[in-house]
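Biologist: Please take me through the reasoning behind the terms applied to this model. I should like to see each value set against its criterion.

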Number of protein chains: 2
Amino acid sequence: MSSPTIKHQLLTQFARLGKALSHPNRLELLEFLAQGPRGVDELAGVSGLSVANTSQHLQQLRQSGLVESRRQGQRVYYQLAGDDVVSLMDALRRVARQHLPDVDMLVRDHLDPRDAMEPVPLDQLLARIRNGEVTVVDVRPEAEFRAGHLPGALNIPLEELETRLTQIDPEREVIAYCRGPYCVLAYDAVYRLRERGYRARRMEDGYPEWKTAGMPVEETG
Amino acid sequence: MSSPTIKHQLLTQFARLGKALSHPNRLELLEFLAQGPRGVDELAGVSGLSVANTSQHLQQLRQSGLVESRRQGQRVYYQLAGDDVVSLMDALRRVARQHLPDVDMLVRDHLDPRDAMEPVPLDQLLARIRNGEVTVVDVRPEAEFRAGHLPGALNIPLEELETRLTQIDPEREVIAYCRGPYCVLAYDAVYRLRERGYRARRMEDGYPEWKTAGMPVEETG
DNA sequence: CTATCATTCAATTGATCTATTGATTCTTGA
DNA sequence: TCAAGAATCAATAGATCAATTGAATGATAG
């Protein structure tokens, strides 16, 4: 061994990252943060955790280098440390899907059946948006939509889908998207739209991946 | 929340993967396994762990889906579950390097100074090997070399480097490689060769990445 | 300066993880 | 069938981690 000490130090550091990814609550927080910066209470709200607990998990994430925080007024905003964190989570999901039978089963049983309709790849979609061929529907809650969305997207949170169907042209194809590849919102939306006769498909991946891929977005700053 | 149960189940499964990556010894085992299949006692030997401990870590890795095992005779061989596992580890290293100051410091202080010489990218190297322009030196132990190596590579384990210098043509450029991007063996080799006046450079990444990239290899067996 | 809100800290308990030890299973060769 | 090597299993003690609780900090509005 040329330098076991350095090697071990490096491995210990890498393991810190793994530890950060080893708790479901932290992974959920990372998924929310992939949407964009969020405050602590906001994150506590959507994840159903106590504020103190959320804060502690976020600090672990910060110490592991996955997220950063900045203070703005009396609240603290957390955000992913970089796009490579999104890539890391993608790699994690891909391996899980590929090699954990339980994951494959969950996805197959609960998500895939609704998705016999193949998802639309990002790059193809951009061209069709510019041609005005499709109606892009963002089914996330309004707050997330406001923080950033696809160009020309129509925001219809899932709960309002039935009541706002009239806003969607039945002649044009509908592309729904939400938070990410395993976000069920878009699946649900496509499912319900198809039930009503719309030609609906799901966008492959979600908003964070779209943005990470360098595609144009509309942001409210 | 459309289906919190499924979501939570998925996150829990993803967390299993993170847990597998949360201990330095397991990461080290994964790095060795990235070289190719290995027996338990072999892994225990190179990692310095007891056989029982090694076995238990390997079983955790297997349960997390990262590695597979098969019995051959009286010994059990473990191997990575797929190339996506290598990608996952790459993503992990990249994020660590980017966002953990300690890692960047370690790499900068101990590895980078020896590497002012820029590493050779994989794709460029292949062409130069075929032209016969370079001497490719594999500095890993002989056992690992035998399991698989770059086409035409010369195996000179680091300890034997000084005694076998005569086998290297001083006129041709030397490209050294070993186990991976953070393997210190190749750094050491380049450093020592340069001390003696050779034109030596390091291959970017190591044998596992080369093989994963679909490049040609020579395998025994 | 005080009251209030958002966040963090500190301390506790119960749960999970790790390395070691010694016994056990499984396979091969005699 | 028996003995030996390889790997796993089972049980233990020490360490680390997670969620809760209540107190403490930091920033803003009045």
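Modeller: The model is predicted. In it, a polar side-chain atom of A:Gln59 lies 2.3 Å from a phosphate oxygen of DNA strand C.

Biologist: Why is this pairing of A:Gln59 with a phosphate oxygen of DNA strand C called a polar contact?

Modeller: The criterion is a pair of N or O atoms within 3.5 Å, and the pair stands at 2.3 Å, so the term applies.

Biologist: What makes B:His57 a residue in polar contact with DNA strand C?

Modeller: An N or O atom in the side chain of B:His57 is 2.6 Å from a phosphate oxygen of the strand. Since the limit is 3.5 Å, this pair is therefore a polar contact. For A:Val40 a backbone N or O atom is involved, 3.2 Å from a phosphate oxygen of DNA strand C; that value is also within 3.5 Å, so the term holds.

Biologist: How many residues surround DNA strand C, and how do they divide by class?

Modeller: There are 23, with A:Asp41, A:Ser55, A:Gln59, A:Tyr78 and B:His57 the closest. Of the strand's atoms within 4 Å of the protein, sugar and phosphate account for 79%. The surrounding residues comprise six nonpolar, 12 polar and five charged.

Biologist: What is found across the interface of domain 1 and domain 2 of chain A, in salt bridges and in polar contacts?

Modeller: The rule finds zero salt bridges there, and one residue pair in polar contact. The area buried between these two domains is about 480 Å², with 48% from carbon and sulfur atoms.

Conventions:
Residues numbered from 1 in each chain as written. Chains lettered and ligands numbered in written order. Predicted model: local features only at pLDDT ≥ 70, side-chain atom pairs only at ≥ 80, totals over all residues. Heavy atoms only, no water. Buried area = accessible area lost by both parts, 1.4 Å probe. Salt bridge = Lys/Arg side-chain N within 4 Å of Asp/Glu carboxyl O. Polar contact = N/O pair within 3.5 Å; in protein donor to acceptor, adjacent residues only side chain to side chain. Near = heavy atom within 4 Å. Nonpolar A, V, L, I, M, F, W, Y, C, P; charged D, E, K, R; others polar.
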